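Me: I should like to go through the terms used for this predicted model and see what each one rests on. Please set each value against its criterion.

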Amino acid sequence: MRLLAINASYRGDQGHTRFLIDRLFRGAAAAGAEFEVVTLAKFKINHCLACDRCHTAEHYLKCVYADKDDAAGIFAKMAAADRVIYATPVYLFGVSGLLKTFLDRLYGTSDVNQMRVTRSGLFFHHVDEAVCSKPFVSLIVCDNLDPEMPKNGRAYFRTFGRFMDAPHVGELIRSGGRLFGYGRDPQAAERFPKIRAVYAAYEQAGRELALNGRISRVTQRRASQEIIPVPFFGLLKHLTPFKHKMKQKAQEYFA
């Protein structure tokens with residue numbers, strides 16, 4: 001099994017997103033998988049110009065930036081992989097601009113004049129299945145604990161999978177990054193004992209990807225579980241009075 005992670009964090013290899021990717025790949029390596037991380041912050045990815053030259057006879061499916069930036073090379077890595085992991089922090093309630101800019105460039109790999117109906121019954125244009133239809137895992141990371149925060153990102157990947165005919169073989173949500181020390185605070189496990197189970201679940205997710213090509217629902221739930229040691233926290237954090245108390249505690253904690 002060959003795994004490719006697209007790290008769309010502006011912090012590159014220093015962020016929480018990369019820490020969690022490494023946990024996934026620790027488990028994948030133990031199961032014998034090959035893996036690679038593409039850190040978008042290290043590459044030159046130009047914005048799609050919507051110039052449509054890639055849909056002319058002279059430049060058919062060749063972007064004007066094909067030889068001027070790194071997008072085509074990353075697409076080639078995606079085509080060679082068995083599974084792709086799209087890993088992004090939440091920026092202004094959605095996927096990062098780095099990831100969106102990169103995925104916008106898929107437009108230049110598709111013949112928008114050739115229409116089709118997807119397997120899920122949606123009307124869409126042709127896509128390069130070797131790249132766009134690759135089975136994928138979404139990994140969404142944020143500091144906020146409110147369940148509303150990752151919703152746009154989750155919806156984005158679900159829609160992406162349906163239109164691209166790309167099987168969504170795993171969804172991992174990790175909130176509270178700052179509170180839990182971004183995985184680099186040795187004392188975090190003492191304050192929040194469940195964090196050990198979360199990181200173990202990420203390694204299990206990597207093993208499952210390597211061996212089965214998908215992450216089980218049980219492992220997804222364990223990796224995305226609440227870490228705060230408060231009974232019924234998942235329910236309480238929906239209540240406005242409890243959120244005000246959370247705000248006060250957070251101000252005291254980060255003061």
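Me: What makes the five strands an open sheet, and in which order do they stand?
Reply: The order is 2-1-3-6-7, with parallel pairing. Strand 2 (34–39) and strand 7 (168–174) each have a single partner strand and stand at the edges, so one side of each is left without a neighbour in the sheet. From one strand to the next, the twist averages 15°.

Me: How do you know that strand 1 and strand 2 are paired?
Reply: Pairing requires at least two DSSP bridges between two strands. Six bridges join strand 1 (residues 2–7) to strand 2, and therefore the criterion is met. In one of these strands, strand 2, Glu34 is the bridge partner of Arg2. The two strands run parallel.

Me: What makes helix 5 a neighbour of the sheet strands, and at what angle does the helix run to strand 6?
Reply: Helix 5 (residues 151–164) lies across strand 3 (83–89), strand 6 (136–141) and strand 7. The angle to strand 6 is about 165°. Angles are taken between N-to-C directions on a scale from 0 to 180 degrees, so a value of about 165° means that helix 5 and strand 6 point in nearly opposite directions.

Me: Why are residues called buried, and what percentage of the chain counts as such?
Reply: A residue is buried if its relative accessible area is under 20%. By that cut-off, 48% of the 255 residues count as buried. The accessible surface of the chain comes to about 13000 Å², and 54% of that belongs to carbon and sulfur atoms.

Definitions and conventions: Residues are numbered from 1 along each chain as its sequence is written. This is a predicted model: local features need pLDDT of at least 70, side-chain atom pairs count only at pLDDT 80 or more; totals for chains, interfaces and linings use all residues. Side-chain values use heavy atoms; hydrogens and water are left out. Helices (H or I, at least four residues) and strands (E, at least two) are DSSP runs, numbered from the N terminus. Contact means heavy atoms within 4.5 Å. Buried means under 20% relative accessible area, exposed over 50%, partly exposed in between (1.4 Å probe, protein chains only). Accessible areas come from the Shrake-Rupley method with a 1.4 Å probe; for residues, only the protein chains shown count as cover.
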